[in-house]
Amino acid sequence: MISNDHPRYESLISREKMVNAYNAGILADAGLIAHGRGEAFDYLIGEKTTKTAERAIKAGCAALILANNPVISVNGNAAALVSEDIVKLAHVLDAKIEINLFYRTSQRVNAIFKVLKKAGAEEILGTEEDALEHINGLNSPRGKVSKEGMLNADVVLVPLEDGDRTEALVANGKFVIAIDLNPLSRTSKTASITIVDNIIRVIPALIKKAEELKKFDKKTLKNLIDDFNNNDNLKESLKTILSSIEKFEA
Ligand code: ATP
């Protein structure tokens, strides 16, 4: 039992969720390693949503609201940490939820399906193996996508993605919004909009922002996207990391 006055409470709770998800077959072992890499970057950004990330959240949210067929891609890490919030976000945005895994096995797909169902999801795509298609440029199992979801999506939200898949999605004309604590990853550099922040803070922030931005007209939303420059935003995230190191005093 982790006491909630522990200084690393949030981080320890996330770790506990990851370990439980691993033991329940929701998460691949590599998912635990990816989480550790994320934790290190979270430390460096101060374990809070920066102003820079807030700008990316706003622009990403505008893109999701304006989308004709928005899809939220879910992997083991996302299911382990924020399944209920993902279901809420899909509801607010009228977006589809699709399971897409790097280490795809039918057992893991089923385990994640159950987690999402328990969290309240109605429709979950990416589960029926025979009905899946391949996205151009990725022939491994992670290229498998559903026709009504990712294949025909115009905007895709990808938490914790790998670089190859992000590249393939962008090359297939998708507007990709990535959530990645590492501003140096290939995903971060390739996505249309990268939110450099922890998924546990981003999904609730997107829900709140979507409720606010849904009242805006299309032109205002479009301007929010056009005014956003992903490269500049990534550089700002790196500056935050550098200045936190420069300010360090033992
Ligand atoms: P790329 O192929 O894009 O260079 P990678 O090899 O780092 O990236 P993965 O191993 O799939 O790709 O790692 C997933 C990414 O997710 C890592 O960059 C990690 O920093 C990030 N990450 C891990 N946990 C979280 C989290 N809770 N919230 C946001 N990002 C996270």
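In which helix does S14 lie? In this predicted model, S14 belongs to helix α1, and this briefing begins with that helix and with the residue itself before turning to a pocket and then to a loop residue. Helix α1 covers residues 9-23, and together with α4 and α5 it is among the elements that each supply at least two residues to the lining of the second largest pocket.

**Helix α1**

- With 15 residues, helix α1 reaches 21 Å from its first C-alpha to its last, which is close to the 21 Å expected at 1.5 Å a residue.
- The buried residues of α1 are S11, I13, S14, M18 and A21; seen down the axis of the helix, these buried residues fall within an arc of 160°, so they line one face of α1.
- In an α-helix there are 3.6 residues a turn, so residues three or four places apart point the same way.
- The cover over the buried residues of α1 includes helices α2 (29-45), α4 (76-93) and α8 (199-213).
- After α1 comes G25, a residue whose phi is positive, near 80°.

**Residue S14**

- S14 has a relative accessible area of 8%, and it counts as buried because this value is under the 20% cut-off.
- Leaving aside residues up to four places away in sequence, S14 touches H35, L81 and I200.

**The second largest pocket**

- The second largest pocket holds about 330 Å³ of space, and its lining is made up of 16 residues, of which A79, A80, S83, E84 and V115 lie nearest its centre.
- Helix α4 gives the most to this lining, with 7 residues, while α1 and α5 (106-118) are also among the helices that each supply at least two.
- By residue class, the lining of the second largest pocket divides into 9 nonpolar, 2 polar and 5 charged residues.

**Residue L151**

- L151 is found in the loop that runs between strands β4 (144-145) and β5 (155-159).
- The relative accessibility of L151 is 23%, and the residue counts as partly exposed because this value falls between the cut-offs of 20% and 50%.
- When residues up to four places away in sequence are not counted, L151 touches E133, H134, V145, S146 and K174.
- L151 and V71 are 80 residues apart in sequence, and their C-alpha atoms are 9.8 Å apart in space.

Key: Residues numbered from 1 in each chain as written. Predicted model: local features only at pLDDT ≥ 70, side-chain atom pairs only at ≥ 80, totals over all residues. Heavy atoms only, no water. Helix = DSSP H or I, 4+ residues; strand = E, 2+ residues; numbered from the N terminus. Expected span 1.5 Å × (residues − 1). Buried < 20%, exposed > 50% of the residue type's maximum accessible area, 1.4 Å probe, protein only. Arc of directions from axis to C-beta. Contact = heavy atoms within 4.5 Å. 1 Å grid on protein atoms, 1.4 Å probe; cavity = no way out; pocket = protein on both sides within 12 Å on 5 of 7 lines; lining within 4 Å. Points joined across faces, edges and corners; volume = space filled by probe spheres on them. Nonpolar A, V, L, I, M, F, W, Y, C, P; charged D, E, K, R; others polar.
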